[in-house]
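Visitor: I am new to this structure and would like a close look at a single part of it. Could you pick one turn of the chain, explain it slowly, and then show me how the rest can be read in the same way?

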Amino acid sequence: MVQLLKVHGSQNAFFILDQTQLDHELNDDELRALTRAVTDKDSGLLGGADGVLVVNKPVRDGAVAQMRVINADGSEASMCGNGLRTVARYVAQRDGLKNFKVDTMESSLQVRDAGEFANGVPAFAVEISPVRFTKDAFPFELGQERLIGEMVPELAPQLIFSAIAVPNPHLISFVSQDVIEGPLLGELGPFLNGDNPYFSDGVNINFGQILGPNKLFVRTYERGVGFTNACGTGMSATTLAFVLLHGDQAAFDEPITVYNPGGMVKTIVHYQDRRYWIELIGNATFTHEIQVDEALLHQGKVVDTDCQIKETGEQASYENFIAGLPKFNLSV
C-alpha cells in the first residue's frame, strides 16, 4: 500500500503522489490516465479534484524535490502556485525542512514555511517566477509583441487586457463587480481554450476587481481545468499587473491581499536586478490521507472503495477561516 494525499490551496484541490515512495514510477501515459480518473467530479476519488501533483527526485542542483502538475484533462502545466504550497508542506514534513527549493518545469523555486495563516491553517510561501511578457511565452497573435494595459476589441469591447507569463500564460483584465460576477469569463474561457485564432495553446484568463489599496478579488478560468476556486499563478500574475498599471493603489514589496472564490492569499511583488518575481503566501491544507495498492495507480482505476481513507480534520479549521471573508455572487 502507498499513500496519496488530498490537499488544497484556497480550495484549488489536488492529489499528491510521491513517486519516490513507489516500487515503480508511473510513466507519463499512466500519470495522465490516473489523473483523468481520480479528478473526475462525478466518478473520481473523493469527489474529484483539479489535478495531480507528482513529487519526484530533484533534477537541478540545490533542489530537494521536483513537482510536476498534471491537469484534470491530462495536460501538464509548467507551474501551479496553489499546488506548490501543498507540495512544499509535504516535502518539508517528509524531510524535516523549513526553507528549500523545489524544481518545476522551468526553474527551481524557493519555498518556506510561513507558519499559520489562521488558527489551525498551515501556510507556506512560494516563489512565482520566471516572469515574461513577450508573445512567444504564450504564444498569441494579436498584432503586437506584448500586451500590457491594451484594449483588445477582438476579445471583448471596452475591456483593458494584459498578458503575463509566470511562467504559466495568463490573460488579465481589471473589471467591475458586474462583469466579474457575470457570464463573460465563462464565455471567453472556452473560446480562448478551444480552436481560436488568438491563443493557439490556450490561456488562463483572470478577471480582477480592485477592492482598495493593495486589495483585489481574482476569478480565474484555468486552461485545462475550467473555473477553479483559485489559481495561484493567476493571482500572482494579476497582482503584478495591478502594481504595474495601478501604482496609485498597489506597491512593490508590500503585501497585497487577494480574495478568490476559495478563500484568500497574500502576494508580494518584487523587482530586483531587472527581474520580476512574486511571493505567494497562503494555506497548504491536507484534507485526506489515502492508502491504496500501488498496482491500482498503474491501472488508473482508483476509486473510494479501493482505498483506506482518513480525514485529517484540517478542513474544519480552513472553513472557520474563510467564514469571515467577503462573499461574491458568481455565475458559472
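Guide: Let us begin with a term: helices and strands here are DSSP runs, at least four residues long for a helix and at least two for a strand, and they are numbered from the N terminus. Please keep in mind that this is a predicted model.

With that in hand, look at Asp-273, which sits in the loop between strand 16 (263–272) and strand 17 (275–283). Its phi is positive, about 55°, although Asp-273 is not a glycine. Most residues other than glycine have a negative phi, and most peptide bonds are trans. Asp-273 is also exposed: its relative accessible area is 77%, and the cut-off for that word is over 50%.

Now step from this loop into strand 17, where you will find Glu-279. Is Glu-279 buried or exposed? Its relative accessibility is 12%, and because buried means under 20%, Glu-279 counts as buried. The side chain of Glu-279 has a polar contact of 3.0 Å with the side chain of Arg-112. Leaving aside neighbours within four places in sequence, Glu-279 is in contact with Arg-112 as well as Ala-125, Val-126, Lys-266, Thr-267, Ile-268 and His-270.

The backbone of Asp-273 has a counterpart elsewhere in the chain. Asp-253, in the loop between helix 5 (232–245) and strand 15 (256–260), has a positive phi near 60° and is not a glycine either. Asp-253 has a relative accessibility of 47%, so it counts as partly exposed.

Two peptide bonds are worth finding while we are looking at the backbone. The bond from Phe-138 to Pro-139 is cis, with omega near -10°, and Pro-139 belongs to the loop between strand 8 (121–128) and strand 9 (150–151). Val-166 and Pro-167 are likewise joined by a cis peptide bond, with omega about -5°. Pro-167 is in the loop between strand 10 and strand 11.

Strands 10 and 11 lead us to a helix. Which residues of helix 4 are buried? They are Leu-185, Leu-188, Gly-189 and Leu-192. These residues lie on the same side of helix 4, because they cover an arc of only 105° around its axis. Among the elements that cover them are strand 10 (160–165), strand 11 (169–174), strand 12, strand 13 (215–222) and strand 14 (226–227).

After helix 4 comes a loop that holds Asn-196, between helix 4 (184–192) and strand 12 (204–212). Asn-196 has a relative accessible area of 9%, so it is buried. A polar atom of the Asn-196 side chain lies 2.9 Å from the backbone oxygen of Gly-194. The backbone oxygen of Phe-191 is 3.5 Å from a polar atom of that side chain.

For a buried residue in a strand, turn to Val-55 in strand 3 (residues 51–56). Its relative accessibility is 0%, so Val-55 counts as buried. Beyond residues up to four places away in sequence, the residues it touches include Ile-16, Leu-17, Ala-65, Val-87, Tyr-90 and Val-91. Val-55 and Val-91 are 36 residues apart along the chain, with 8.7 Å between their C-alpha atoms.

Another helix can be read as helix 4 was. In helix 7, the buried residues are Glu-314, Gln-315, Tyr-318, Phe-321 and Ile-322. Their arc around the axis is only 115°, which puts them on the same side of helix 7.

Finally, let us turn to the empty space. Rolling a probe the size of a water molecule over the atoms shows where empty space is left. The largest pocket holds about 250 Å³. It is lined by 18 residues, and the closest to its centre are Lys-6, His-8, Gln-11, Ala-13 and Gln-315. Strand 1 (2–9), strand 18 (285–292) and helix 7 (314–322) each contribute at least two residues to this lining. By class, the lining of the largest pocket is made of four nonpolar, nine polar and five charged residues.

The second largest pocket holds about 160 Å³. Of its 14 lining residues, Asn-260, Pro-261, Gly-263, Pro-326 and Lys-327 are the closest to its centre. The lining of this second pocket divides into nine nonpolar residues, four polar and one charged.

Methods
Residues numbered from 1 in each chain as written. Predicted model: local features only at pLDDT ≥ 70, side-chain atom pairs only at ≥ 80, totals over all residues. Heavy atoms only, no water. Buried < 20%, exposed > 50% of the residue type's maximum accessible area, 1.4 Å probe, protein only. Polar contact = N/O pair within 3.5 Å; in protein donor to acceptor, adjacent residues only side chain to side chain. Arc of directions from axis to C-beta. Contact = heavy atoms within 4.5 Å. 1 Å grid on protein atoms, 1.4 Å probe; cavity = no way out; pocket = protein on both sides within 12 Å on 5 of 7 lines; lining within 4 Å. Points joined across faces, edges and corners; volume = space filled by probe spheres on them. Nonpolar A, V, L, I, M, F, W, Y, C, P; charged D, E, K, R; others polar.
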